[in-house]
Amino acid sequence: MATAKSSDGATGIGGQIGGKSAGDVRARLLGSVRSVGRALHFPVTGTARGIRRATHAHGAGESGLGKLIELHGVNGAGDVMITVALASTVFFSVPTDEARGRVALYLAITMLPFTLLAPVIGPLLDRLPHGRRAAMAGAMLARALLALVLSGAVISGSIELYPAALGVLVASKAYGVVRSAVVPRLLPTGFSLVKANSRVTLGGLLATGVAAPIGAGLQAVGPRWPLYGAFVIFIAGMFLSFSLPPKVDSAKGEDTALLAADEEHLHGPHLKPVKRPGLRTVGIAVTHALGANAAIRCLAGFLIFFLAFLLREHPLSGQSAAVSLGAVAVAAGTGNALGTAVGAWLRSRAPEIIIVTVVAIEVGAAITAAAFFGAFLVVCLAALAGFAQALAKLSLDALIQRDVPELVRTSAFARSETLLQMSWVVGGAVGIALPLNGTLGLSVGAAIVAVGWLATVRGLLASVRRGGSGRPRVA
């Protein structure tokens, strides 16, 4: 009996020890699994937290600007997914003349209504201010649905491919108009419009840079996959649009701006009926800066379409057409990022002088590239065009904040962005229509910017001599 008890006791103790050992092994195993999970999860969560800290810094989180920066990043990522899919599978699949004809036809069909309606988009936003979040969400949803249409068209090569692609372009431009009207409503305390727009633009450029290689990887899997990715991204953007603060939709304290300047209406919103609708409340410096920016944006649209077809037929020396277009696109994106960074660093110092200078430099660069047409100069012109577009736009923002009464500032942003989008469309149409001759095309581009510079330089310099409006600037 004693032996049995001893045996039973030993067995019980051994079972307890064995149980504890098994429990320890399970606990250690679960701990290891959790550690591996955290290690795999950290690059995503850590990156997300880092992005959130950056976008919400300096009061941007409390004001809602941080969410707009994230939304603009989503917008850029979705657009670049569609660009990768179309550039890789569609643009090179038909002869150049046929592609130009289709693009020109559908640019007219799709963008002509936008061009005709553009003058009323600003007033429409003034009358329907409570629809800004819905308008941004609608632009996202439209592109999501069009991405699905394109996913079938890139396989079948059906005719709806071109109107769908250009419909994406229209929705993207419409989003840009509404975003410009939203930024002034989300400024943190002590923020200038230049600083806020710099952050928004840089957020979009960074997201584009991250999404481009991902899109290329999806393209390697299949031509539809970047478009599926764009669909998911834009659906997320639709929901993110409604996460913006309700004050985005509020029209409290706003009035309608008119985009021209005369002495009667120069210092405040129009209080009397005017014979001819125009933009009369924004100030002389703003109207001239807007004209210079319109010339720059017109050149940007021109270069996109003209170089797209020119480099397809005549690639840069020793490179394929795809590589040539990629080099120009990277140069333009890099220039845009650099211009945004420089604009934020300058903090709206002497915006009139900045605009006059960058447009003059761009005119010189376009003339040089036309006279000595070559691969290096084309890439340099693309980089400089991106730089000038970003820096001149930020300078225009600074002038709007300085010279335009707060009562009509949001309206002025919406209407000015509408005019710039129209200029882009006009430039694109000219780029498609011209013969594929590098010297001729870049000469036309130089003439576009030169006309804009000559028409605005005197007014901008006169504004500098008068010392602007005397309004205090926000650093």
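In the predicted model, the chain over residues 353–375 is 87% helix and 0% strand, with its end C-alpha atoms 31 Å apart. This span is one of those that carry the annotation "transmembrane region" in the unreviewed UniProt entry, which also lists, among others, residues 103–122, 134–155, 199–219 and 440–461. Residues 225–244, likewise covered by that annotation, are 85% helix and 0% strand, and the C-alpha atoms at the two ends of the span are separated by 29 Å.

Helix α12 comprises the 29 residues 375–403, for which a rise of 1.5 Å a residue predicts a span of 42 Å; the end C-alpha atoms are indeed 42 Å apart, in agreement with that expectation. Because 21 of its 29 residues are buried, α12 is largely enclosed by the rest of the structure. Within this helix, the side chains of Lys393 and Asp397 meet in a salt bridge, with an N to O distance of 2.8 Å, and the two residues are four apart, about one turn of the helix. An α-helix has 3.6 residues a turn, so residues three or four places apart point the same way. Lys393 has a relative accessibility of 14% and therefore counts as buried, while Asp397, with a relative accessible area of 1%, is buried as well.

The structure holds three salt bridges. Another of them also involves α12, in which Arg402 pairs with Glu352 at a closest N and O separation of 2.7 Å. Glu352 belongs to helix α11 (residues 351–371), and the pair thus links distant parts of the chain, 50 residues apart. Arg402 counts as buried at 4% relative accessibility, and Glu352 is buried with a relative accessible area of 3%. In the remaining salt bridge, the closest N and O atoms of Asp79 and Arg143 are 3.0 Å apart. Since Asp79 lies in helix α3 (residues 65–89) and Arg143 in helix α5 (residues 132–156), this pair ties together parts that are 64 residues apart in sequence; both Asp79 and Arg143 are buried.

The largest nonpolar core contains 91 residues, of which Leu68, Ile82 and Leu150 touch the most other members. Helix α9 (residues 284–313) gives the most to this core, contributing 14 residues. Apart from the largest core lies another, made up of eight residues that include Ala300, Phe305, Trp424 and Ile432. When residues up to four places away in sequence are not counted, Leu68 touches Met136, Arg179, Val182, Val183, Leu186, Val200 and Leu244.

Methods
Residues are numbered from 1 along each chain as its sequence is written. This is a predicted model: local features need pLDDT of at least 70, side-chain atom pairs count only at pLDDT 80 or more; totals for chains, interfaces and linings use all residues. Side-chain values use heavy atoms; hydrogens and water are left out. A nonpolar core is a set of buried Ala, Val, Leu, Ile, Met, Phe, Trp, Tyr and Cys residues joined through side-chain atoms within 4.5 Å. Buried means under 20% relative accessible area, exposed over 50%, partly exposed in between (1.4 Å probe, protein chains only). Contact means heavy atoms within 4.5 Å. UniProt positions are given in the numbering used here, feature names are shortened, and annotations may be inferred rather than shown by experiment. The expected span of a helix is 1.5 Å times one less than its number of residues. A salt bridge is a side-chain nitrogen of Lys or Arg within 4 Å of a carboxyl oxygen of Asp or Glu.
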